[in-house]
Amino acid sequence: MESNFTTKDAYLNCFSPRTYLQNYYTFGSSPSQEKQVLMHNLRKLSETFSLGQVKGDLLIDIGTGPTIYQLLSACESFKEIVATDYTDQNREELIRWLKKEPGAFDWSPVVKYVCELEGDREKWAEKEEKLRVRVKQVLKCDVTQSQPLGSASLPQADCLLTTYCLEAACKDLPTYQQALKNLSSLLKPGGFLVLLSVLKSKFYIIGDERFSCLSLTQEEIEAALQKAGFTSEQSEVIPHHYSRAYTDNEGILFLVGRKLNTSVGIQG
Ligand code: U7H
């Protein structure tokens with residue numbers, strides 16, 4: 001069967017982090033679908049990481065992209081964060097922000113909003129500094145490989161975070177299923193998986209480029225997680241969607257799961 005799903009090479013050659021940031025994360029004062037989605041995601045992430053159940057030493061963000069919004073609450077609950085992405089240009093864009101290099105994207109409106117959620121909007125500059133200190137490494141990752149971080153040696157994480165990555169990186173359900181198993185090796189037994197996914201989307205647009213997306217339902221994602229050895233402790237669909245000019249998604253899934261403890265028994 002012929003597959004037209006966007007390849008990894010196409011991401012390397014055609015994905016523009018700047019255009020992506022411009023389309024999905026740059027807002028005027030008027031309301032937009034993109035802003036609604038982001039604010040909702042930030043509220044869910046803040047609840048999850050600030051209320052204190054999900055905390056620990058190491059969090060690995062899988063498919064960070066050129067964005068840091070997903071780490072703003074997590075950096076209060078984890079001592080070390082490792083960011084990862086498949087594309088060189090996403091990792092470079094991220095490093096520009098981490099190192100305050102010229103031309104870095106301005107996340108301050110988003111950081112201010114998260115600080116407001118957490119009780120003090122005035123602390124935004126301190127939060128930016130905290131996040132910059134807590135992100136210890138920016139690594140290449142490929143979720144389709146059995147060792148997604150290649151030869152990099154890290155302790156198993158207390159939490160994996162992944163936002164809008166697997167549905168863009170995996171061409172079909174078996175690949176998605178396998179990617180979850182691959183990621184599981186990076187996580188401690190009992191560790192948390194925090195996942196944000198678009199639902200039932202087949203594509204998304206960035207500038208003039210169209211990228212494929214694996215169309216998934218909440219039930220399919222939960223079943224895939226269970227098969228890969230994760231529980232799902234919290235699974236919530238919100239009806240928000242992005243602008244119809246960008247994608248055809250029907251809602252967004254926010255899920256918190258845990259890697260099951262596999263105790264090795266004595267074979268009788
Ligand atoms: C995330 C984005 C990205 O930066 C690299 C793909 C994911 C821009 C997607 C949407 C969106 C999706 C559908 C509908 C919006 C190939 C791999 C990652 C790891 C192998 N990614 C990072 N990714 O696609 N994004 N943001 C939004 C919003 C509406 C990868 C192979 C691509 C990979 N391992």
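This report describes a predicted model, beginning with its paired strands and then turning to the ligand and two residues in loops.

## Paired strands

Strand β2 covers residues 78-85 and is mostly covered, with 6 of its 8 residues buried. Strand β1, formed by residues 56-61, pairs with β2 in the parallel sense over 5 bridges. Within this pairing, Gly56 stands opposite Phe78 of β2.

Strand β2 also pairs with β3, which consists of residues 135-140; this pairing is parallel and comprises 5 bridges. Here Ile81 has Val135 in β3 as its bridge partner. Strand β2 is thus paired with β1 and also with β3.

## Surroundings of the ligand

The ligand is surrounded by 22 residues, of which the closest are Tyr20, Asp85, Val143, Tyr164 and Tyr204. Several polar contacts can be described. A nitrogen atom of the ligand is 2.6 Å from an N or O atom in the side chain of Tyr20. A nitrogen atom of the ligand is also 3.0 Å from a polar atom in the backbone of Val143. For Asn90, a polar atom of the side chain lies 3.4 Å from an oxygen atom of the ligand. The ligand exposes 680 Å² when taken alone, and the protein buries 99% of that area.

As for its location, the ligand sits in the largest pocket. Three elements give two or more residues to the shell around the ligand: α1 (8-14), α2 (17-25) and α7 (166-169).

## Tyr164, a loop residue by the ligand

Tyr164 is among the residues closest to the ligand. Its place in the chain is the loop between β4 (157-163) and α7. The phi angle of Tyr164 is near 55°, which is a positive value in a residue other than glycine.

Is Tyr164 buried or exposed? Tyr164 has a relative accessible area of 16% and therefore counts as buried, the cut-off being under 20%.

## Lys200, a second loop residue

Lys200 lies in the loop that runs between β5 (187-198) and β6 (203-206). Its phi angle is near 50°, again a positive value in a residue other than glycine.

The relative accessibility of Lys200 is 37%, so this residue counts as partly exposed. Each of the two loop residues has a positive phi value, as given for Tyr164 and for Lys200, but Tyr164 is buried, whereas Lys200 is partly exposed.

Key. Residues are numbered from 1 along each chain as its sequence is written. This is a predicted model: local features need pLDDT of at least 70, side-chain atom pairs count only at pLDDT 80 or more; totals for chains, interfaces and linings use all residues. Side-chain values use heavy atoms; hydrogens and water are left out. Buried means under 20% relative accessible area, exposed over 50%, partly exposed in between (1.4 Å probe, protein chains only). Helices (H or I, at least four residues) and strands (E, at least two) are DSSP runs, numbered from the N terminus. Two strands pair if DSSP finds at least two bridges between them. A residue is near a molecule or strand if one of its heavy atoms lies within 4 Å of it. A polar contact is a pair of N or O atoms within 3.5 Å; within protein, one must be able to donate a hydrogen and the other to accept it, and residues adjacent in sequence count only if both atoms are side-chain atoms. Accessible areas come from the Shrake-Rupley method with a 1.4 Å probe; for residues, only the protein chains shown count as cover. On a 1 Å grid over the protein atoms alone, a cavity is a set of points where a 1.4 Å probe fits but cannot get out, and a pocket is an open set with protein on both sides within 12 Å along at least five of seven lines; lining residues have an atom within 4 Å of a point. A molecule sits in a cavity or pocket if more than half of its atoms lie within 2 Å of its grid points.
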